[in-house]
Structure formats: structure tokens, C-alpha cells
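Colleague: Could you take me through one part of this model in close detail, and then show me how that part sits within the rest of the chain? I would enjoy a connected account.

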Amino acid sequence: MHPYNFTKQTVLITGASSGIGRVFAETLAARGAHLLLLARSGAVLAQLVSDLAGRHGIRAHALVADLGRPGAAEAAYAQACALGMAPDVLINSAGFATHGRFDGIERARQSAEVAVNCTALMELAHCALPHMLAQGRGAIINVASTAALQPDPYMAVYGASKAFVLSFSQALWAENRRRGVRVLALCPGATDTPFFDVVDAPEAAVGSRMAPQAVVGEALRALDRGRSCHVAGRQNRLLAWLPRLLPCETVLGIVARMLQPGKA
């Protein structure tokens, strides 16, 4: 399979104000892609859009939205189309986690977690896919996590939400791989981003943190190869085999000890 050419392609990136989403934006701007950058941080997005457009001579627009709100994903996609920039590529990078015992975390916070990590991601894919199919090419990268590879005690909703992303993405890959649209589930492990500042739990970072530039580089190479899923980082790929080699209860015990609150 040939490398994906992003030149003059319109790319919609959620969670674009920081972390992996921001690095995707910087990397693809350098490859000549036009950008639609979506996040809640309007001031940060405005500065990033200005910087990337000026540096690379591309079109770039900020879409300020809270994907935890009902209808936000569809409204953001409609705004993109109103700009004459129906996305050729969709990168769903927005997401957040909660940490602690399930019954001790505010229900509204966990509902918002599902809305951002799952519902908005699915809705944007549903909006974007018909345009890609009509032109016979396109790509969707959904940022899952190594947390998708086994249940995650003390991060129960996060792990389950990322398992949804992984399963959903691989199903879309199978449905669309012969219709010109590539779909990739990206599963990074601990990454050096503000993610853990939001979680406020250092014990949630299992293993050494990868640079987001390395994660994005691996993701784009996996997309070029037409992969359905990619676990970023050699160490993470080795750990991904544990659930296949050990009994489920053993894996659950190991993960529970790793993620137990206060066990930094």
C-alpha cells in the first residue's frame, strides 16, 4: 500500500490544542495539509492556527467546541462544511480520563468522559465518512490507548471507552478498506502530554512516557501500511501480549496493583 499523501488534504483534528492532537497538527501542516483544529481552548487554537498558516502557507481554521455537549460534534462538522472545508481526513484525538474507584467518581464527570471519548468520536466519523467515500479516498485515525487492551480497575470508564474506540475503529477498517478509506486505531501508552495533569494521578502513567512526536510518527507510518491498529512503542507492544498469555484474573490483579490510587 502506498503512503498517504496529505498535501492539500483537509484534516480535522480534535483535541488539537495540546498533546498528541497538537503534534498531529504541526506534523501535517508541514506536509502541506489544510487544517481544522477543534478544542475548547479558543485563544490557544487561534494562536496555533495563525502560527501554522503563516509558517506553512496552508489554510487553517479554529473550531471551538466542547465535545462533551450533545450536538457539538455535528455542529462542528457543519461549521467545517460551511467554510468549504469538508474533511478528507479525520483525527479523533480528544479525550480524557478519570481515576479512582468507580463509585467514588462523580457520575456527571464519567458521563462526559463517555460523551467525549466515544459518542463525539462516533458522530464525527459518521459525519465525515460519506464525503470520503464519495471521493474514493480518505482516512480516519482514532486515538485509543493501551488501556483498551484489558480492563482497567480504578480507570474503569476510561478503559472501557478506549476499548470501544479500538473495536469501533477496527470494524470500520474492515468495512471500508476496499472503498478507499483507511481507518487506524492508535493505541499509545503513557505519553509526555498534559493528559496526566488532567487525571491528577501519576500512578495512571504506566511505564516511561513516550514523546508525542514519536507516537505521531509511528501512527502515520502505520496508516501508510494500511494497518487497522497500532500500539505505539516497543515496550507497549510487548506488554500488549500479556492479556493473551495470562489468565484474565491474573492480568486484572496486575493492572489493579499498578493503577491503585496512591501507588505512584
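Modeller: Happy to! One definition before we start: two residues are in contact when heavy atoms of theirs lie within 4.5 Å. Among contacts in this chain between residues at least 6 apart in sequence, 71% join residues at least 24 apart. Please keep in mind that this is a predicted model.

Let us look closely at helix α4, which covers residues 107-135, by way of two of its residues. N117 belongs to this helix. Is N117 buried or exposed? With a relative accessible area of 1%, N117 is buried, because the cut-off for buried is under 20%. Its side chain has a polar partner: N117 and S161 are joined by a side-chain polar contact of 3.1 Å. If we set aside residues up to four places away in sequence, N117 touches A94, G95 and F96, and also Y158, S161, K162 and V165. S161 therefore appears both as the polar partner and in the list of residues that N117 touches, as contact means heavy atoms within 4.5 Å.

Q110 is also found in helix α4. Its relative accessibility is 7%, so Q110 counts as buried too. Here the side chain reaches a backbone atom, namely the backbone oxygen of F102, at 3.3 Å. Beyond four places in sequence, Q110 is in touch with T98, F102, I105 and V157.

The loop between β5 (138-143) and α5 (156-176) holds Y154. What is the phi of Y154 near? The value is near 75°, which is positive in a residue other than glycine. Most residues other than glycine have a negative phi. Y154 counts as buried, because its relative accessibility is 17%. K8 makes a nice companion case: its phi, near 65°, is also positive, and K8 is not a glycine either. K8 lies in the segment before β1 (10-14), and at 65% relative accessibility it counts as exposed.

From helix α4 we can also step to strand β4, since M132 is one of the residues that V89 touches and V89 lies in that strand, residues 89-92. V89 is buried at 1% relative accessibility. Apart from residues up to four places away, its contacts include Y4, F6, Q9, T10, V11 and L12, together with A139. The C-alpha atoms of V89 and V181 are separated by 9.2 Å, with their positions 92 residues apart along the chain.

For a partly exposed site, turn to Q79 in helix α3, residues 72-82. Its relative accessibility is 36%, and its contacts outside four places in sequence are with A62 and L63. The C-alpha atoms of Q79 and L36 are 10.0 Å apart, although 43 residues separate them along the chain.

Now for the whole chain. It has 10 helices and seven strands. Its radius of gyration is 18 Å, close to the 18 Å given by the globule rule for 264 residues, so the chain is as compact as a globular protein of that length. The C-alpha trace spans about 50 × 40 × 30 Å along its principal axes, and 51% of the 264 residues count as buried. The accessible surface comes to about 12200 Å², of which 54% belongs to carbon and sulfur atoms. As for charge, there are 25 positive and 18 negative side chains, and the centres of the two sets lie 8 Å apart.

Notes:
Residues numbered from 1 in each chain as written. Predicted model: local features only at pLDDT ≥ 70, side-chain atom pairs only at ≥ 80, totals over all residues. Heavy atoms only, no water. Helix = DSSP H or I, 4+ residues; strand = E, 2+ residues; numbered from the N terminus. Rg over C-alpha atoms; globule rule 2.2 N^0.38 Å. Buried < 20%, exposed > 50% of the residue type's maximum accessible area, 1.4 Å probe, protein only. Areas by Shrake-Rupley, 256 points an atom, 1.4 Å probe, with all protein chains shown as cover. Lys, Arg positive; Asp, Glu negative; His and termini not counted. Charge placed at Lys NZ, Arg CZ, Asp CG, Glu CD. Polar contact = N/O pair within 3.5 Å; in protein donor to acceptor, adjacent residues only side chain to side chain.
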